[in-house]
Amino acid sequence: MNPLESLLPGLPLIVWQLVWASIIVAFVTVFALIAVYLERKISAYAQDRYGPMEAGGWGFQGWAQTLADAIKLLLKEDIIPALADPKLFKLAPYIVFAGSLGVLAVIPFATTLVGSDLNIGIYYAVALSSTVVIGILMAGWASNNKWALYGAMRSAAQMISYEIPISLSLMLPVMLAGSLSFNEIMEAQRTGFPGDGYFWNWYLFRVPPFTIIAFIIYFWASLAETNRTPFDIPESESELVAGYHTEYTGIRFAMFFLAEYANMFIVAAIASVVFLGGALAPAPWLSFIPGPAWLILKAMVIVFVQIWLRWTLPRVRVDQLMHICWKIFLPLALVNFIAIATVAAIWQK
């Protein structure tokens, strides 16, 4: 039973699902504020500067700067270009945000703490995240701005391309666990040899080097999926101003911004669940720490690496982006997939 059901006894299923949805929206909002603060501070340390220092106190100088920026965005005028398609222009950010947020419905924060434990959870996550491309193309075309359209077309080509190696990499834990459910994949990493409940039973270490290669491919491809450096070509400021959301202001721009940081956590949470044991502790004697804390901690470590790479690596060219996907990641993911399929077939015998 989901803990939310026990908190709301006797109420319809839809009630606690609405409560869970509200918790997820609040979590994503708070995470975005924290992630932006970390982005500014990590980039400042990487470049030997201070970052925001004035807004806020209590030993965390600059913590309120992101909160002030969020309030500013909410109060800004909502401008729609005169020649834009108003209906599609308004609808696009909602599609992007909904496509990102919906994936969190199947992420298990603990064995019994998940919005919907679908038996096709990974399929659902990959399929729903693909709808973000529709909103991005809609935003670029409806803006009636060539830079926005260029950015949208780049983003669509990039996201569709990198979804293939991502899907192939995610199939490795699926084959090992024999299930598409995130919860069952996470639980399958609890037992193994030698001893149950230890980190070496996580799928990252289960069948080396194939699962390690799958994790590396997934991580780098997820950077392209979320438009993060070195694959931030759709939003390359030096070429396309701000890409597909160039013409957006106020709360609509904030929704694109929120969706981008939500995607950072989502790809990190999925990697944590399928490769790093999700809400499972790395050792049995650490099991007293709640499962959600372990999942969020693992995801935040991956988010830190995402931010770290943004301020370390240069942006690749468009041809290099496609070369990496189609000539490096895809063949390697296919070979890896066949190897793990062979190992899984031998284990089942």
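In what order do the elements of the protein chain run from the N terminus on? Display the whole chain as a cartoon and follow it from that end: the elements run α-α-α-α-α-α-α-α-α-α-α-α-α-α. The count is 14 helices and 0 strands. Please note that this is a predicted model.

**The whole chain**

Keep the full chain selected and consider its dimensions. Along the principal axes, the C-alpha atoms fill a box of roughly 65 × 50 × 45 Å. The radius of gyration is 21 Å, which agrees with the value near 20 Å that a compact globule of 349 residues would have. Next, switch on the surface. About 16500 Å² is exposed, and carbon and sulfur atoms supply 71% of this area. Buried residues account for 49% of the 349 residues. Among contacts with a separation of 6 or more, 74% are between residues 24 or more positions apart.

**The largest nonpolar core**

Now hide the surface and select Ile107, Tyr162, Phe182, Ile270 and Phe275. Of the 95 residues in the largest nonpolar core, these touch the most other members. Add helix 12 (residues 250-275), which contributes the largest share of this core, 17 residues. In soluble globular proteins, nonpolar side chains tend to be buried together.

Centre the view on Ile270. Leaving aside neighbours within four places in sequence, Ile270 is in contact with Val103, Ile107, Ala125, Leu170, Phe182 and Tyr218. Two of these partners, Ile107 and Phe182, were selected in the previous step.

**Ser181, in a loop**

From Phe182, step back to Ser181, in the loop between helix 7 (146-177) and helix 8 (182-188). Is Ser181 buried or exposed? Ser181 counts as buried because its relative accessibility is 1%, below the 20% limit. Show its side chain: a polar atom there lies 3.3 Å from the backbone nitrogen of Asn183. Then select Asp117, Leu118, Asn119 and Gly121, which Ser181 touches when residues up to four places away in sequence are not counted.

**Ile95, in helix 4**

Finally, move to helix 4 (residues 86-101) and select Ile95. With a relative accessibility of 22%, Ile95 counts as partly exposed, because that class lies between 20% and 50%. Which residues is Ile95 in contact with, leaving aside neighbours within four places in sequence? They are Thr131, Gly135 and Met138. To end the tour, draw a distance between the C-alpha atoms of Ile95 and Gly135: these residues are 40 apart in sequence and 5.2 Å apart in space.

How values were computed: Residues numbered from 1 in each chain as written. Predicted model: local features only at pLDDT ≥ 70, side-chain atom pairs only at ≥ 80, totals over all residues. Heavy atoms only, no water. Core = buried A, V, L, I, M, F, W, Y, C linked by side-chain atoms within 4.5 Å. Buried < 20%, exposed > 50% of the residue type's maximum accessible area, 1.4 Å probe, protein only. Helix = DSSP H or I, 4+ residues; strand = E, 2+ residues; numbered from the N terminus. Contact = heavy atoms within 4.5 Å. Polar contact = N/O pair within 3.5 Å; in protein donor to acceptor, adjacent residues only side chain to side chain. Rg over C-alpha atoms; globule rule 2.2 N^0.38 Å. Areas by Shrake-Rupley, 256 points an atom, 1.4 Å probe, with all protein chains shown as cover.
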